[in-house]
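Visitor: I would like a close look at one part of this model, set against the chain as a whole. Please begin with the chain and then move to the part.

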Amino acid sequence: MSAARRKRGEPENPEPKSGERIAKRLARAGMCSRREAERWIEAGRIAVDGVTLKTPAVTVTGSAAITVDGKPLPAPEPARLWRYHKPRGAAGAAPNLPGELPRVVTVAALDPGAEGLMLLTNDGGLKRHLELPATHWLRRYRCRVFGAVDETKLAALAKTMKIEAKLERRTGANAWLMVVLAEGKNKELRRALEKLGLRVNRMIRIAFGPFQLGNLPAGAVAELPGKVIREQLGERLAPAMKRRR
């Protein structure tokens, strides 16, 4: 190891393509988030090959000896995925999950005013794959709106904002819409409907790509079997999925 690299707290590394950033490795091991990992490095808690790191700008390979507070870093956990039914009125975007679950992150989190299907994973890489626009996964919602629904204006959203919205039924001064969102976020959908004079008073996500809310009870969490995930994502996108029946 060069004296300069040792002085900076950087281990000798191969080309970046043959490894991954240290913060990502720590997150994949289920120890912390990437941001937390950066703070741990600043606090001098992380060492690679016996060298205490001073910067997160370090790439490590599978053979690197990584320690946290002097203890070996656990092997990365197999990637897992859960469906979660965020209840109506739940505070914030993050769910209150059962204590037996490992540390998880949300995929395409719902805004505080929305409810319905959320996906949870213990793997940051899988989260990013699922959220990539290149997947072209559609997000389906049932929206209850207050106001006069003009079906012609609803149809125009498909051309201007890539939002497909159809009237499902009217219930007094409210109406239920079935909405398919190709791009954007929940708040953008709300704003688009508000421009049509419709105030959204309930928004339920019922599907994210091939994954469905189905009859999952409000507040419940259900893990997706590895077989189902491989069928939906393909072996190329889910190589780390633990093979479970």
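Visitor: What percentage of the contacts in the chain with a separation of 6 or more comes from residues 24 or more positions apart? After that, please look closely at strand S9 (residues 115-121): how many of its residues are buried, and which residue in S9 stands opposite Lys-86?

Guide: The figure is 65%, for contacts in the chain with a separation of 6 or more, a contact being heavy atoms within 4.5 Å. This is a predicted model, in which local features need pLDDT of at least 70 and side-chain atom pairs count only at pLDDT 80 or more, while totals for chains, interfaces and linings use all residues. Residues are numbered from 1 along each chain as its sequence is written, and side-chain values use heavy atoms, with hydrogens and water left out. The mean pLDDT of the chain (pLDDT being the predictor's confidence in each residue, from 0 to 100) is 82, and 83% of the residues reach 70 or more. Over residues 10-17 pLDDT stays under 50, and the model has 20 contacts beyond four places in sequence for that stretch.

The chain holds seven helices and 15 strands. These are DSSP runs numbered from the N terminus, with helices (H or I) of at least four residues and strands (E) of at least two. Of the 245 residues, 41% are buried. Buried means under 20% relative accessible area, exposed means over 50%, and partly exposed lies in between, with a 1.4 Å probe and protein chains only. The accessible surface comes to about 13500 Å², 51% of it belonging to carbon and sulfur atoms; accessible areas come from the Shrake-Rupley method with a 1.4 Å probe, and for residues only the protein chains shown count as cover.

Now to S9. Seven of its seven residues are buried, so the strand is mostly covered. Strands are taken as paired if DSSP finds at least two bridges between them. On that rule S9 pairs with strand S7 (residues 81-86) in the antiparallel sense, over six bridges; within this pairing Lys-86 stands opposite Gly-116. Strand S8 (residues 105-107) is another antiparallel partner, joined to S9 by three bridges, with Thr-106 opposite Leu-120. The pairing of S9 with S13 is parallel and rests on two bridges, and here Glu-115 stands opposite Ile-204. As a general point, side chains in a regular strand alternate between the two faces of the sheet.

Past S9 the chain enters a loop that leads to helix H4 (124-131), and Asp-123 lies in this loop. Asp-123 counts as buried because its relative accessibility is 9%. Its side chain reaches the backbone nitrogen of Leu-126 at 2.7 Å. That is a polar contact, meaning a pair of N or O atoms within 3.5 Å, where within protein one must be able to donate a hydrogen and the other to accept it, and residues adjacent in sequence count only if both atoms are side-chain atoms. Leaving aside neighbours within four places in sequence, Asp-123 is in contact with Arg-28 and Ala-79.

S13, the parallel partner of S9, spans residues 199-208 and also helps to cover the buried residues of helix H6. In H6 (residues 186-194) the buried residues are Asn-186, Leu-189, Arg-190, Ala-192 and Leu-193. They lie on the same side of H6, because they cover an arc of only 165 degrees around the axis, the arc being that of the directions from the helix axis to the C-beta atoms. Their cover also includes strand S10 (139-146), helix H5 (151-160), strand S11 (163-171) and strand S12 (174-181).

S7, the six-bridge partner of S9, contains a further link to a position far along the sequence. His-85 and Asn-215 are 130 residues apart along the chain, and their C-alpha atoms are separated by 9.4 Å. Asn-215 is placed in the loop between strand S14 (211-212) and strand S15 (221-223), and counts as exposed because its relative accessibility is 73%.

One other sheet can be set beside the S9 pairings. It is open, with four strands in the order S3-S2-S5-S6 and antiparallel pairing; its edge strands, S3 (51-52) and S6 (71-72), each pair on one side only. S2 and S5 are joined by three bridges, and Val-48 has Ile-66 in S5 as its bridge partner.
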